[in-house]
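Q: I should like to learn how to read a protein structure feature by feature. May we work through one example together?

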Amino acid sequence: MAGGFKISKSLASGGFSCTYLAEDTKREGNPICVVKELMPARRDPKFLQVARRLFNTEAEILAVLGKDPQIRELFTFFEENQEFYLVQKYILGNTLSKRLTPEKGTKTGAYIVNLIQEILEKLLYIHQRHLIHRDIKPSNIIRGSENNQLVLIDFGAVKLTQPRIDEETELATVAIGTRGYSPPEQFAGHPRLSSDIYALGMIGIQTITGTAPQEFPLHPETGKIMWRQTTNVSNELAAILDKMVCYNFSDRYQSATVVLQDLTSISY
């Protein structure tokens, strides 16, 4: 593989990238790392220029955020033969998606509150730096085996709340996110900090019900997610989750700080 990395296995693949477990053959002991390969959809110069800038933006953001243990550390990044590569720390553990399978069962109110609080701390860290993750979902959150801490991964969709004018023009209409976890304004190309809060609220509802977000019916008039009838949960916790996932972003929590404050004052 490019850059002296030997692929061990494929970890994930999507529309824009593939992620691999690899050995760094240039370092002593051939340590294990994660290599993300960005795959431009086209090869024309203009598209490659946009892809290169997005790649460099992600790398620059990770270089700063990755200094914190709650974000996966970036080791290096490079371009080779019009292919783009990010090399990051390998974290031994399982994603939340493996912990939220139906056979694992539903979780208690205390478990859900602790989970949401832990992820909110990471969102707060990101949002304070004027960044929107745009792809908060169980498969992008790892519970580390060594310290049992949650680590947020995959910043390929990250967006500045005040982007450059040229970037805003090119990307305003691009729908980025994951069905079920991303709110309507994000798919319309206008994400906000509360878009990440919506995604986390959906993770909370999935955790307490054992049902994937895209399977919940919507109220035909309000667009409200109809989920309470499937589980027993305190009215206080349910009200917080409902506010996190309001259809209209203006009705939603506007900051992670306020959600954290509300969670500390409820019974569950």
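Q: Leaving aside its neighbours within four places in sequence, with which residues is R42 in contact?

A: Please keep in mind throughout that this is a predicted model. Once neighbours within four places in sequence are set aside, R42 is in contact with F47 and L48. R42 itself has its place in the loop between β3 (32-38) and α1 (45-65).

Q: Is R42 buried or exposed, or in between?

A: The class is read from relative accessibility: under 20% is buried, over 50% is exposed, and values in between are partly exposed. R42 has 44% relative accessibility, and therefore counts as partly exposed.

Q: How far is R42 from S265, in sequence and in space?

A: Separation can be stated in two ways. Along the sequence, R42 and S265 are 223 residues apart, and from C-alpha to C-alpha they are 51 Å apart in space.

Q: What is the order of the strands in the open sheet of three strands?

A: To read a sheet, one lists its strands by pairing. Here the order is β6-β8-β9, and the pairing is antiparallel. β6 (93-95) and β9 (150-152) are the edge strands, each pairing on one side only. Neighbouring strands of this sheet are turned by 30 degrees against each other on average, direction ignored.

Q: How many bridges join β6 to β8?

A: Three bridges join β6 to β8 (residues 141-144), and the two strands run antiparallel. As for single residues, T95 stands opposite I142 in β8.

Q: Which helix lies across β8 and β9?

A: That helix is α3 (residues 109-127), which runs at about 35 degrees to β9.

Q: Which residues of helix α7 are buried?

A: A general idea helps first. An α-helix has 3.6 residues a turn, so residues three or four places apart point the same way. In α7 (residues 235-244), the buried residues are L237, A238, I240, L241, D242 and M244. They pack against α3, α6 (193-209) and α8 (256-263).

Q: What lines the second largest pocket?

A: A pocket may be described by its volume and its lining. The second largest pocket has a volume of about 380 Å³. Its lining has 22 residues, of which P69, K89, I91, N147 and V151 lie nearest the centre. The elements giving two or more residues to this lining are α3 and β9, with the largest share, three residues, coming from α3.

Q: How many residues of each class does this lining have?

A: The lining of the second largest pocket has seven nonpolar, six polar and nine charged residues.

Methods: Residues numbered from 1 in each chain as written. Predicted model: local features only at pLDDT ≥ 70, side-chain atom pairs only at ≥ 80, totals over all residues. Heavy atoms only, no water. Pairing = 2+ DSSP bridges. Helix = DSSP H or I, 4+ residues; strand = E, 2+ residues; numbered from the N terminus. Axes fitted to C-alpha atoms, helices over the stretch in contact; angles between N-to-C directions. Contact = heavy atoms within 4.5 Å. Buried < 20%, exposed > 50% of the residue type's maximum accessible area, 1.4 Å probe, protein only. 1 Å grid on protein atoms, 1.4 Å probe; cavity = no way out; pocket = protein on both sides within 12 Å on 5 of 7 lines; lining within 4 Å. Points joined across faces, edges and corners; volume = space filled by probe spheres on them. Nonpolar A, V, L, I, M, F, W, Y, C, P; charged D, E, K, R; others polar.
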